[in-house]
Amino acid sequence: MVYGTIIQKGEKYYTYLKKLFDYIDNIQLNYKWLISYPECYPFDKDIQKMLENEYCILTGKELTDLVNKEDFQWIWGTFSAFDPCISNEDILKYKLPENDMYPGFWKNPLTMQHPLSKIEIVAFDASYTFIFTKDFALPEKLKEFYPKAENLELLNCSL
């Protein structure tokens, strides 16, 4: 089963990652991350270069270091988390997860785009953040820090 959360209310900005990572006890460190179709505007030239392609793959530490170096707003980007033992080749055997064209955001049952991912975080048009996970505890933890975060499955039922 996939659990989904949308953060779109109660914050000034929704697509900064440092605060999100702090709130989820930096669990991003436990994964390898595929960032697909990033659109963002960091000042740091090295970060710009890393994110100018359709995708990049980073360790959890590399992603954490990037966010700690410069916590910029993500306009678009899908962050897919994988067990570190999964090879980059295996990750790239599948279609890159999308940011805005994936119809699964808006219908039940919720699904994750990449079949090997454990968590997917989607920065959507700088307007809101989706979090999809197979771990029931993560959405509950998010509600502690983002009290206006909504259960995406329930929201989709009301659309």
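Start by selecting E98 in this predicted model. Here E98 is buried, because its relative accessible area is 17%, and buried means under 20%. Now add K95 to the selection: this residue is exposed, with a relative accessible area of 62%. The side chains of K95 and E98 meet in a salt bridge, with N and O 2.4 Å apart. So your first stop joins an exposed partner, K95, to a buried one, E98.

**More salt bridges**

How many salt bridges does a search of the whole structure find? There are nine, and two others are on this tour.

Select K49 and E52 next. These two form a salt bridge whose closest N and O atoms are 3.9 Å apart. Are the two residues buried or exposed? E52 counts as exposed at 54% relative accessibility, and K49 counts as exposed too, at 58%.

Then move to K118 and D83. Their salt bridge has its closest N and O atoms 3.9 Å apart. This pair links distant parts of the chain, with the two positions 35 residues apart in numbering terms: K118 is in the loop between α4 (88-91) and β5 (119-124), while D83 is in the loop between β4 (74-82) and α4. Colour both by accessibility if your viewer allows. K118 counts as partly exposed, at 34%, and D83 counts as partly exposed, at 29%.

**A buried acid without a salt bridge**

Step along to E120, which lies in strand β5. What is the nearest side chain of opposite charge to this buried residue? That is K134, but it is 8.1 Å away, and E120 has no salt bridge. Show the polar contacts around E120 instead. Its side chain reaches the backbone nitrogen of H114 at 2.8 Å. The E120 side chain also makes a polar contact with the side chain of S117, at 3.0 Å.

**A cis peptide bond**

Select N108 and P109 and look at the backbone that connects them. The peptide bond joining N108 and P109 is cis, with omega at about -5 degrees. P109 belongs to the loop between α4 and β5, and K118, from an earlier stop, lies in that loop as well.

**Two residues with positive phi**

Now pick D25, in the loop between α1 (17-23) and β2 (32-40). Although D25 is not a glycine, its phi is positive, at about 55 degrees. D25 counts as exposed, at 52% relative accessibility.

Jump from there to D125, which sits in the loop between β5 and β6 (128-133). D125 is another residue other than glycine with a positive phi, near 55 degrees. Its relative accessible area is 39%, so D125 is partly exposed.

**A buried phenylalanine**

Continue into strand β6 and select F132. With a relative accessible area of 1%, F132 is buried. Add M112 to the view: F132 and M112 are 20 residues apart in sequence, and their C-alpha atoms are 6.6 Å apart in space.

**The cavity**

Switch to a surface or cavity display for this stop. How many cavities of 30 Å³ or more does a search of the whole structure find? The search finds one. The largest cavity holds about 50 Å³ of space. To frame it, select its lining: L20, I24, I27, Q28, W33, I119, I121, I131 and L138. Colouring by residue type shows eight nonpolar residues, one polar and no charged ones in this lining.

**The largest pocket**

For the final stop, turn to the largest pocket, with about 210 Å³ of space. Which of its 14 lining residues are closest to the centre? Select G4, T5, P139, E140 and N151 to see them. Three elements each give two or more residues to the pocket lining: β1 (3-7), α5 (137-145) and β7 (150-151). Colour the lining by type once more, and it divides into seven nonpolar, three polar and four charged residues. Compare that with the cavity you have just left, where no charged residue is in the lining.

Technical notes
Residues are numbered from 1 along each chain as its sequence is written. This is a predicted model: local features need pLDDT of at least 70, side-chain atom pairs count only at pLDDT 80 or more; totals for chains, interfaces and linings use all residues. Side-chain values use heavy atoms; hydrogens and water are left out. On a 1 Å grid over the protein atoms alone, a cavity is a set of points where a 1.4 Å probe fits but cannot get out, and a pocket is an open set with protein on both sides within 12 Å along at least five of seven lines; lining residues have an atom within 4 Å of a point. Grid points are joined across faces, edges and corners, and a volume is the space filled by probe spheres set on the points. Ala, Val, Leu, Ile, Met, Phe, Trp, Tyr, Cys and Pro count as nonpolar, Asp, Glu, Lys and Arg as charged, and the others, Gly among them, as polar. A salt bridge is a side-chain nitrogen of Lys or Arg within 4 Å of a carboxyl oxygen of Asp or Glu. Buried means under 20% relative accessible area, exposed over 50%, partly exposed in between (1.4 Å probe, protein chains only). Helices (H or I, at least four residues) and strands (E, at least two) are DSSP runs, numbered from the N terminus. Lys and Arg count as positive and Asp and Glu as negative; His and the chain ends are not counted. A polar contact is a pair of N or O atoms within 3.5 Å; within protein, one must be able to donate a hydrogen and the other to accept it, and residues adjacent in sequence count only if both atoms are side-chain atoms.
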